[in-house]
Amino acid sequence: MTFSQLSHLECGRCGAVHDSERPQNLCTKCSSPLLARYDLAAVRASVSPADIAQRTPDLWRYHELLPVRDPSAVTTLGEGMTPLLPMPRYGERIGLPRLLMKDEGLIPTGSFKARGAAVGVSRAAELGIKRLAMPTNGNAGAAWALYGARAGLAATVVMPVDAPEITRRECVASGTDLHLVDGLISDAGRIVGELVAASEGRVFDTSTLKEPYRIEGKKTMGIEIAEQLGWRTPDVILYPTGGGVGLIGIHKALNELRELGWISGPSPRLVAVQAEGCAPIVRAFERGEPESQFWADSRTVAFGINVPKPLGDFLILRALAETSGTAITVTDAELLAELREVAALEGAYVCPEGAAAFAAARKLRASGWIGADEEVVVLNTGAGIKYPQTVPVDAPILPVDGHLV
Ligand SMILES: Cc1ncc(COP(=O)(O)O)c(C=O)c1O
Ligand SMILES: [Zn+2]
């Protein structure tokens, strides 16, 4: 049995074909992200949804559609198959009784970045890479640091000083070479780029979409949603969008499943949710432009979506157009209020990025863009407990002999 049916890499912009059996970064012709392509006829002939149902409940159950060739190269901490939970009370409150949450808080390292790290690190190790470097808004760096440690890879991570503090500690605990920058992820990206250029091939750049396999890990969110719904898709999927890898990945996954004949019918409408303080995709979408412009002075408490100019902007905008989707902003005040409402009504302590997607669902229902009877999936991309500052606590401190009555 062939573990992976990866066939080649294809440029997402110019379509140039690249060899998938050696380390690759951007397209050598046009400097755009490369996408993994599979021999889908071979997948169709060798495996069925019924076979997959018998496999271990992690993302490696889709291994034919993942790039790792040798099962012994898989580095796993048990990632994948996160719950797809009904949100009946909260859904009722915002007028969406068929609302579901895909909860990525329940995954190693506490965010969906574990998916990209598991697949990206496994493939990097399989291709002989020994040292990697990446800029991050926190969660991805933490995930790559930890999965890198498990695979025996050395990593350099550069993140803004304002990134969630716990993600620094995850990097330090895993022995990663960590650097903080008094700036944004784009500043961290420049610093990593210099290191990689000076390394003469010894340090591999794993920045968002600068290597082709992180997205393959993230696309499994889309495959899981389809499998968990009995190989069908919802009407709408909302995704908190920074670099947009998850959104592009879900779109890619659903296209692959449709080509396999495992799902049918129209695509879910994909929604890119951004913060009002950093909304390059929303602005480009509203102007009908194919690419975004750098968003100056970006800021939001939803730190993971503070990405002023995503490299894959054209792929995000294409996914929105192809699925009749949309792009929408929410304010920090809206998402912080939503975070508490979701916790109070459903007991789910979501991350601020996930809360942004819930706030967007509410707004799109109110505007009529989402109908009351539609089935809607919100991606909660991480665990709320990674962000202890989002909910202020003013509980009184009782003396040791204190009483409540
Ligand atoms: C919790 C969380 N949600 C969403 C995102 C945005 O992810 P993407 O870059 O795939 O858009 C991030 C990125 O750091 C994140 O940490
Ligand atoms: Zn190209």
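**Zinc site, strand pairing and ligand contacts**

Biologist: Where is the place of His-63, in terms of helices and strands?

Modeller: His-63 is placed in a loop, between a helix and a strand. The model is predicted, so local features need pLDDT of at least 70 and side-chain atom pairs count only at pLDDT 80 or more, whereas totals for chains, interfaces and linings use all residues. Residues are numbered from 1 along each chain as its sequence is written, chains are lettered from A and ligands numbered from 1 in the order in which they are written, and side-chain values use heavy atoms, with hydrogens and water left out. With helices (H or I, at least four residues) and strands (E, at least two) taken as DSSP runs numbered from the N terminus, the flanking elements of His-63 are helix H2 (49-53) and strand S4 (84-86).

Biologist: Is His-63 buried or exposed, and at what relative accessible area?

Modeller: Buried means under 20% relative accessible area, exposed over 50%, and partly exposed in between (1.4 Å probe, protein chains only). His-63 counts as buried because its relative accessible area is 6%.

Biologist: Which protein atoms are the donors of the zinc ion (ligand 2)?

Modeller: Donors are N, O and S atoms within 2.8 Å of the metal (3.2 Å for Na, K and Ca); water is not among the atoms, so sites may look incomplete. The protein donors lie 2.3 to 2.4 Å from the zinc ion and follow the spacing C-x2-C-x12-C-x2-C along the chain. They are Cys-11 (SG), Cys-14 (SG), Cys-27 (SG) and Cys-30 (SG).

Biologist: How far apart along the chain are Cys-11 and Cys-27, which link distant parts of the chain?

Modeller: Cys-11 belongs to strand S1 (residues 6-11), while Cys-27 is in the loop between strand S2 (17-18) and strand S3 (34-38). Both Cys-11 and Cys-27 are buried. Their separation along the chain is 16 residues.

Biologist: What is the arrangement of the 4 donor atoms around the zinc ion (ligand 2)?

Modeller: Four donors count as tetrahedral if all angles lie between 85 and 135 degrees; four count as square planar and six as octahedral if opposite donors are over 155 degrees apart and all others between 65 and 115; anything else is irregular. The donor atoms of this zinc ion subtend angles of 97 to 117°, so the arrangement is tetrahedral.

Biologist: How many residues of strand S10 (residues 236-240) are buried?

Modeller: On one side of S10, Val-236, Leu-238 and Pro-240 are buried, and on the other Ile-237 and Tyr-239 are buried. Both faces are thus covered. The count of buried residues in S10 is 5 of 5.

Biologist: Which residue in strand S13 (residues 376-380) is the bridge partner of Val-236?

Modeller: Two strands pair if DSSP finds at least two bridges between them. S10 pairs in parallel with S13 over 3 bridges, and 5 bridges join S10, also in parallel, to strand S11 (residues 269-275). In S11, Pro-240 has Val-273 as its bridge partner. In S13, the partner of Val-236 is Val-376.

Biologist: What is the handedness of the β-α-β crossover from S10 to S11?

Modeller: A crossover is right-handed if, with the strands pointing away from the viewer, the path from the first strand over the helix to the second runs clockwise. Here the chain leaves S10, passes through helix H10 (residues 245-260) and reaches S11. This crossover is right-handed.

Biologist: At what distance is an oxygen atom of ligand 1 from an N or O atom in the side chain of Tyr-239?

Modeller: A residue is near a molecule or strand if one of its heavy atoms lies within 4 Å of it. Ligand 1 is surrounded by 18 residues, and Tyr-239 and Gly-242 are among the closest. A backbone N or O atom of Gly-242 lies 2.7 Å from an oxygen atom of ligand 1. For the side chain of Tyr-239 the distance is 2.6 Å.

Biologist: Which backbone nitrogen does the side chain of Thr-323 reach?

Modeller: Thr-323, in the loop between helix H12 (313-322) and strand S12 (326-330), is buried because its relative accessible area is 4%. A polar contact is a pair of N or O atoms within 3.5 Å; within protein, one must be able to donate a hydrogen and the other to accept it, and residues adjacent in sequence count only if both atoms are side-chain atoms. At 3.2 Å, the side chain of Thr-323 reaches the backbone nitrogen of Leu-270.

Biologist: Which strands stand at the edges of the open sheet S8-S7-S6-S9?

Modeller: The 4 strands of this sheet pair in parallel in the order S8-S7-S6-S9. Each edge strand has a single partner strand, so one side of each is left without a neighbour in the sheet. The edge strands are S8 (177-181) and S9.
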